[in-house]
Amino acid sequence: MPDSPTQPIVCCIGQPVAGNPTQFMMERAFAAAGMDWRYLTLEVPPDQLGQAVLGVRAMGFLGANITNPHKAAVIQHLDKVDESTELTGLASCVTRSGQHLIGENIDGKGFFQALRPKVDPTNKKVVIMGAGSTARAIAVELGRAGAGELVIVNRSADRGQTLVDLLNQRVRVPSRLVHLSGDYAVEPDTRIVVNATSIGSGDAEAWVPLDIQALAADMLVADVAFNPLGTRLLRDAAGRGCHTLDGLAMLVGQVMISFKIWTGVDPDPVVMQEALEEYLEI
Ligand SMILES: NC(=O)c1ccc[n+]([C@@H]2O[C@H](COP(=O)([O-])OP(=O)(O)OC[C@H]3O[C@@H](n4cnc5c(N)ncnc54)[C@H](OP(=O)(O)O)[C@@H]3O)[C@@H](O)[C@H]2O)c1
């Protein structure tokens, strides 16, 4: 018999969310830590989000991962947000504190946790391809971590400029926009290049508009795509002698952060990584 009459419950809310590997990883990590917790994956349409958050409150869930398309809309249903959510306008993890639900953005933190053992972004020039929600979270986190300069390369000038203004004015990291046209050649003093566009997700051969010849061996090239792994960008970057970081590491980082926030326990990173690899059949 379990010690507690009911199990603590946490969840993932998104749409579409089927195929999201987080539940598989969390359940493995709970089992490895000997914790009788439950993680549910919940398909919630946008017009039902408020009701879903009421359900989280009413049923006493201890937390939730929030994924697309709800990261911005969920904020109005929460009681408080942390600085990362206030800056990005996006919450990807909800925690309960008493009767309050608190939003955090852990996407950028997950990326940073994966990046830091490979390269410290402090005072480095970083190029970020994209200005969507993932790019915004990564850019804000790298800015907060002391990056020297952030170059945002984006197809839509409006969205890119909005991010650059946020970085310059609120995060106070020097930042500028490159409006994407053709293949972007990173400058030689760039140390970190991040593909945070949706190019590469679902298509290992997709072309990220970067001039591969401009990549050099003293650069780290990261790709947020995790399914499939081994994107064309990362293969090309490795061919130029660059260090590389795939989207798996970022995802593991985010799931580990959620686990720790909710349970107070550090999960086993090897269990998380192996569960993700098993789920993705790598
Ligand atoms: N590894 C992880 O843990 C993790 C976590 C979260 C997300 N992701 C991945 O991150 C990716 C981005 O997600 P998101 O939520 O940030 O998406 P999003 O908000 O829709 O942003 C997509 C970005 O990609 C750009 N883009 C899309 N197609 C393009 C093209 N053909 N040419 C140039 N730019 C293009 C968009 O440019 P415009 O602004 O011009 O439209 C925008 O900047 C997804 O593939 C997702 O799977 C990975």
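**Close-up 1. The ligand meets the backbone of T134.** In this predicted model, one of the ligand's oxygen atoms sits 2.8 Å from a polar backbone atom of T134. The side chain of S133 joins in too: an N or O atom there is 2.8 Å from an oxygen atom of the ligand. R159 adds another such pair, with an N or O atom of its side chain 3.0 Å from a ligand oxygen. How much of the ligand does the protein bury? On its own the ligand would expose 930 Å², and the protein buries 78% of that.

**Close-up 2. Who stands around the ligand.** Here we look at the shell of residues, 22 of them, around the ligand. T134, N154, S201, V224 and Q254 are the ones that come nearest. So what kinds of residues make up this shell? Sorted by class, there are 12 polar, 8 nonpolar and 2 charged residues.

**Close-up 3. The pocket and the helices beside it.** The ligand takes up the space of the largest pocket. Two elements, α5 (133–144) and α8 (247–263), each give two or more residues to the shell around the ligand. Which of them gives the largest share? That would be α8, with 4 residues in the shell.

**Close-up 4. Between two domains.** Where does the ligand lie relative to the domains? Domain 1 is made of two stretches, 9–105 and 249–280, while domain 2 covers 109–245. Both of them give residues to the shell around the ligand, so the ligand lies between the two.

**Close-up 5. A cis bond ahead of P16.** Have a look at the peptide bond that runs from Q15 to P16: it is cis, and its omega is near -5°. P16 itself belongs to the loop that links β1 (9–14) and α1 (22–32).

**Close-up 6. Another cis bond, ahead of P228.** N227 and P228 are also joined by a cis peptide bond, here with an omega of about 5°. Where along the chain is P228? Look in the loop between β11 (220–223) and α7 (232–239).

**Close-up 7. N123 and its positive phi.** N123 is not a glycine, yet its phi is positive, at about 65°. This residue is found in the loop between α4 (107–115) and β7 (125–129).

Note on methods
Residues numbered from 1 in each chain as written. Predicted model: local features only at pLDDT ≥ 70, side-chain atom pairs only at ≥ 80, totals over all residues. Heavy atoms only, no water. Near = heavy atom within 4 Å. Polar contact = N/O pair within 3.5 Å; in protein donor to acceptor, adjacent residues only side chain to side chain. Areas by Shrake-Rupley, 256 points an atom, 1.4 Å probe, with all protein chains shown as cover. 1 Å grid on protein atoms, 1.4 Å probe; cavity = no way out; pocket = protein on both sides within 12 Å on 5 of 7 lines; lining within 4 Å. Sits in = over half its atoms within 2 Å of the grid points. Nonpolar A, V, L, I, M, F, W, Y, C, P; charged D, E, K, R; others polar. Domains from an automatic or database assignment.
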